Amino acid sequence: MVFQIEASRVTRKFDGLLALNQVSATAESSKITAIVGVNGSGKTTLLKLLAGLDAPNEGTIRIGTKNATADDLRSHCTMVFQKSIMLGGKVYDNIAYGLRVNRVTRREIPERVKSALAFVNLSGFEKRKARKLSSGEQQRVALARALALDRAVLLIDEPTANLDPANSAIIEQSIREAARSRVVVLTTHNLAQARRMSRSVVHLYQGSVVEQEETARFFARPRDERTRLFINGELQF
Amino acid sequence: MIGIPTVALGLYLYLLLSKSGPMGYFQLLYTPYAIIVGQCILVTPIIVSFATSALESVDPEVKTLARTLGASGMQTDFVVLREAVWGVALAILAAFNRAFAELGVAMMLGGNIRNVTRLLTTAIALQTAMGEIALSIALSIILLGIVLSLSLVVSLARRTS
């Protein structure tokens with residue numbers, strides 16, 4: 001059964017400035033949806049709305065067919081940030097934290113931590129101090145921490161920004177595997193990455209959706225002139 | 001308030017707590033309670049200032065992260081406190097050291113009464129005035145030993161955590 005999260009005519013203003021304007025977009029399970037756009041186009045704002053970390057001024061967000069409250073969104077979604085935030089302590093503590101606050105049983109936690117770390121190729125890292133890891137490893141821990149919760153929707157903000165190719169490849173592979181059983185929405189301004197990873201692309205420009213299209217078609221035959229300029233690296237912002 | 005001269009604080013509290021003062025009714029002067037009151041007033045700004053700095057230095061995104069992981073409002077606040085725990089511990093340690101090694105308030109409010117309000121610092125001052133330098137040095141070594149040991153314990157605990 002296809003599970004989906006949908007933003008419907010969502011508007012978000014900050015001090016009167018429109019960050020998102022009547023944005024509608026859909027993401028479905030078992031395929032990766034990439035939100036692309038130039039810096040400041042509203043990608044992260046949209047992701048935060050989907051995560052229930054912020055509320056729209058207008059519009060609704062639906063999970064399945066139901067209008068979702070912020071609590072609904074937070075219980076269905078988890079988010080990985082562009083800058084990985086590590087809690088103090090060990091890698092184990094970082095991943096176990098989310099499990100503890102979600103009342104996963106003490107017996108179950110070590111096993112879930114272990115499999116989450118294995119998922120991102122960091123088996124055996126449980127006792128390492130999280131803040132001493134490289135930025136690539138920290139990003140993989142952040143991904144493992146989100147995956148350990150086993151939420152239906154995984155939101156990822158610029159997953160490989162500033163990472164080396166080896167870590168980027170591992171993260172991309174982990175995200176692909178994670179997407180088999182859940183909705184994955186990622187933001188990126190790396191068009192090659194969007195092309196490689198996603199099945200659907202949402203192009204945001206100045207807070208509005210220019211187009212949402214299947215990835216192959218988006219790159220081969222963009223419907224909007226702004227998308228064509230964006231793909232060619234010629235879009236002014 | 002952090003740098004308030006302890007003698008000045010001791011004097012004002014003395015005037016407050018003395019029999020003819022506004023709080024003379026409680027008869028606290030020259031009791032351990034007077035010293036406790038004075039030391040609390042002395043260290044509160046230190047704890048508040050250091051602990052606030054420690055809490056403010058926690059990455060604000062930690063709260064956001066905790067929320068995305070399913071933490072409730074209280075759990076989110078608690079995770080910030082946990083992140084600042086060593087800063088708060090340092091605030092408490094600094095406050096303890098300030099109170100423990102302080103002389104003015106203890107002398108003026110406690111009166112340095114033997115077996116009642118005599119502290120290490122007031123004992124050192126008294127013995128020095130009496131010319132018992134060797135005893136003063138011995139007491140000061142104990143004072144320094146306690147202060148340095150506590151600092152060492154906190155520092156080691158922080159490194160191993």
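Which exposed residues are carried by the face of α4(A) turned away from its buried side? In this predicted model, they are A:Glu111 and A:Ala118. The buried residues of helix α4, which spans residues 109-119 of chain A, are A:Arg112, A:Val113, A:Ala116 and A:Leu117. Viewed down the axis of α4(A), these buried residues fall within an arc of 130°, so they line one face of the helix. An α-helix has 3.6 residues a turn, so residues three or four places apart point the same way. The partners against which the buried residues of α4(A) pack are α3 and α5 of chain A. Just after α4(A), a positive phi of about 60° is found at A:Asn121.

Chain A contains an open sheet of six strands with mixed pairing, in the order β6-β7-β8-β3-β9-β10. Its edge strands are β6 and β10 (208-214) of chain A, each of which pairs on one side only. With direction ignored, neighbouring strands of this sheet are turned against each other by 20° on average. At the β6 edge, β6(A) and β7(A) run parallel and are joined by four bridges. Within this pair, A:Val80 stands opposite A:Ile156 of β7(A). On its other side, A:Ile156 has A:Leu186 of β8(A) as its bridge partner. The strands β7(A) and β8(A), the latter formed by residues 183-188, pair in the parallel sense over five bridges.

In a regular strand the side chains alternate between the two faces of the sheet. In β6(A), A:Cys77 and A:Met79 point one way, whereas A:Thr78 and A:Val80 point the other way. These four residues of β6(A) are buried.

Two helices of chain A are placed against the six-stranded sheet. Helix α1, residues 43-50 of chain A, lies across β3 (32-36), β6, β7, β8 and β9 (200-205), and runs at about 155° to β8(A). Helix α5 of chain A, residues 135-148, packs on the sheet by touching β6 and β7 of chain A. The direction of α5(A) makes about 175° with that of β6(A).

A further open sheet in chain A has four strands in the order β2-β1-β4-β5, with antiparallel pairing. The strands at its edges are β2 and β5 (66-67) of chain A; each has a single partner strand, so one side of each is left without a neighbour in the sheet. Strand β1 (residues 4-14) and strand β4 (residues 58-63) of chain A run antiparallel and are joined by five bridges. In this pairing, A:Ile5 stands opposite A:Ile63 of β4(A). Helix α1(A) lies across β1, β2 and β4 of chain A, at about 120° to β1(A). The strands crossed by α1(A) thus include β8(A) as well as β1(A).

Positive phi values also occur at A:Gln22 and at A:Asn162. A:Gln22, which is not a glycine, has a phi of about 55° and is found in strand β2 (residues 17-28) of chain A. With 14 C-beta neighbours inside 10 Å, A:Gln22 counts as partly exposed. The phi of A:Asn162, also a residue other than glycine, is near 65°. A:Asn162 is placed in the loop between β7 (153-157) and α6 (165-178) of chain A. It has 12 other C-beta atoms within 10 Å and is exposed.

In chain B, the axes of helix α5 (residues 85-100) and helix α8 (residues 133-160) come within 10 Å and cross at roughly 175°. Angles over 145 degrees count as roughly antiparallel, and α5(B) and α8(B) are therefore roughly antiparallel to each other. From α5(B), the contact is made by B:Trp86, B:Ala89, B:Leu93, B:Phe96, B:Asn97 and B:Phe100. From α8(B), it is made by B:Ile146, B:Val147, B:Leu150, B:Ser151, B:Val154 and B:Arg158. By class, the residues in the contact of α5(B) with α8(B) are nine nonpolar, two polar and one charged.

The contact between the chains takes 15 residues from chain A and 13 residues from chain B. On the side of chain A that touches chain B, the elements that give two or more residues are α2 (70-76), β6 (77-80) and α3 (91-101) of chain A. The largest share of this side, three residues, comes from α3(A). The residues of the side of chain A that touches chain B divide into nine nonpolar, five polar and one charged. Two of the elements named here also appear in the packing within chain A: α3(A) is packed against by the buried residues of α4(A), and β6(A) is an edge strand of the six-stranded sheet.

Methods: Residues numbered from 1 in each chain as written. Chains lettered and ligands numbered in written order. Predicted model: local features only at pLDDT ≥ 70, side-chain atom pairs only at ≥ 80, totals over all residues. Contact = placed C-beta atoms within 7 Å. Nonpolar A, V, L, I, M, F, W, Y, C, P; charged D, E, K, R; others polar. Axes fitted to C-alpha atoms, helices over the stretch in contact; angles between N-to-C directions. Parallel < 35°, antiparallel > 145°, perpendicular 65-115°, else oblique. Buried ≥ 20, exposed ≤ 12 C-beta atoms within 10 Å, placed from the backbone. Pairing = 2+ DSSP bridges. Arc of directions from axis to C-beta.
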